[in-house]
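User: I would like to go through the labels used for this model and see what each one rests on. Please set the values against the criteria as we go.

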Amino acid sequence: MDPLSLLILPRARPSLPLRTAANNAARASPSAARLAPALRWRRQRARLSSPVSAVAAEAPPSPSPSGGGEEDSEGQFDWLDQWYPFAPVCDLDPGAPHGKTVLGLRVVAWYDRAVDEWRVFDDACPHRLAPLSEGRIDDKGRLQCVYHGWCFDGRGSCQFIPQAPALGPPVHKNSKACVASYPSVVQNNILWFYPRADAEHRDVLERKQPPFIPEIDDPSFVTVYGIRDLSYG
């Protein structure tokens, strides 16, 4: 064939586009034409709704108008508003102080001969923070620090400082010379203490008592005491 004739041949037209086939299919099935836009709209809606739901899930719940948040805060367990057992009194020597750590609080128990009661103090002398559990009970029945010999009565007040001049000011009566004294009571032959030494908690026994176990005081039961030290932290 002459090459020039190729230049004047009519251009080959493409076959029918797919649009015509789709239109024919749409005429044959009108529901399919409506379904495709619906699917596209649902996909777009799903893409938009997912970030909103994620933000809503991360947002903290707002307190209800009825005061539900206050009820939750009031219902929390207060670890310091409880009585804790120190030891069975049968395991305590009235002639010496005994130190323990309860809830991270270092305390010392000793027997106050002046009133025939057990006392629970902070296990730290207010002078140099020496442990009072390393001290002794002096000849007058007071708790005496082993470091500089400061002596304390059952209320935690300092009664004697050996280094203070006899004719000088009564420095032992200073409030800074007192040691914290916790409410304590013997119940079920167990020494209990309340871990708050503020003045407002001195009468806590009238409001809140230690747990009572009647079987311990029942002579028909046999009671065996045991103490185990558990390390935490």
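User: Which strands form the open sheet of three strands, and in what order?

Analyst: This is a predicted model. The open sheet has the order β1-β11-β10, and its pairing is antiparallel. The chain as a whole has six helices and 11 strands.

User: What makes β1 and β10 the edge strands?

Analyst: Each of β1 and β10 pairs on one side only. Neighbouring strands of this sheet are turned by 30° against each other on average, with direction ignored.

User: How do you know that β1 and β11 pair?

Analyst: Pairing requires at least two bridges between the strands. Strand β1, residues 84–88, is joined to β11 by four bridges, and the two run antiparallel. Therefore the criterion is met. Within this pairing, Pro 85 stands opposite Trp 192, and Pro 88 stands opposite Ile 190.

User: What joins β10 to β11?

Analyst: Strand β10, residues 184–187, pairs with β11 over four bridges in the antiparallel sense. Val 185 has Trp 192 as its bridge partner in β11. The hairpin of β10 and β11 has two residues between the strands, and Asn 188 there takes a positive phi near 55°.

User: Why are both faces of β11 called covered?

Analyst: Side chains in a regular strand alternate between the two faces of the sheet. In β11, residues 190–193, one side carries Ile 190 and Trp 192 and the other carries Leu 191 and Phe 193; all are buried. Across the chain, buried residues make up 26% of the 233 residues.

User: How many aromatic pairs are there in the whole structure, and why is the pair of Trp 83 and Tyr 194 called tilted?

Analyst: The search finds five aromatic pairs. The ring centres of Trp 83 and Tyr 194 are 5.7 Å apart and their planes are at 55°. The distance is within the 6.5 Å limit, and the angle is neither under 30 degrees nor over 60, so the pair counts as tilted.

User: What does the pair of Trp 83 and Tyr 194 tie together, and are these residues buried or exposed?

Analyst: Trp 83 lies in the loop between α4 (68–74) and β1, whereas Tyr 194 lies in the loop between β11 and α5 (204–207), so the pair ties together parts that are 111 residues apart in sequence. Both Trp 83 and Tyr 194 are buried.

User: Why is the pair of Trp 110 and Phe 121 called edge-to-face?

Analyst: The centres of these two rings are 5.6 Å apart and the planes stand at 75°. An angle over 60 degrees counts as edge-to-face, so the label applies. Trp 110 belongs to strand β3 (residues 105–112) and Phe 121 to strand β4 (residues 117–122), so this pair ties together parts 11 residues apart in sequence.

User: How do you know that Trp 110 and Phe 121 are buried?

Analyst: Buried means under 20% relative accessible area. Trp 110 has 0%, so it is buried. Phe 121 also has a value of 0%, so the conclusion holds for Phe 121 too.

User: What makes the charged end of Lys 100 sit over the ring of Phe 86?

Analyst: The charged end of Lys 100 is 5.8 Å from the centre of the Phe 86 ring. The criterion asks for a distance within 6 Å and a position within 35 degrees of the ring normal. The distance satisfies its limit, and Lys 100 is listed as sitting over the ring.

Conventions. Residues numbered from 1 in each chain as written. Predicted model: local features only at pLDDT ≥ 70, side-chain atom pairs only at ≥ 80, totals over all residues. Heavy atoms only, no water. Buried < 20%, exposed > 50% of the residue type's maximum accessible area, 1.4 Å probe, protein only. Phe/Tyr/Trp six-rings, centres within 6.5 Å; stacked < 30°, edge-to-face > 60°. Axes fitted to C-alpha atoms, helices over the stretch in contact; angles between N-to-C directions.
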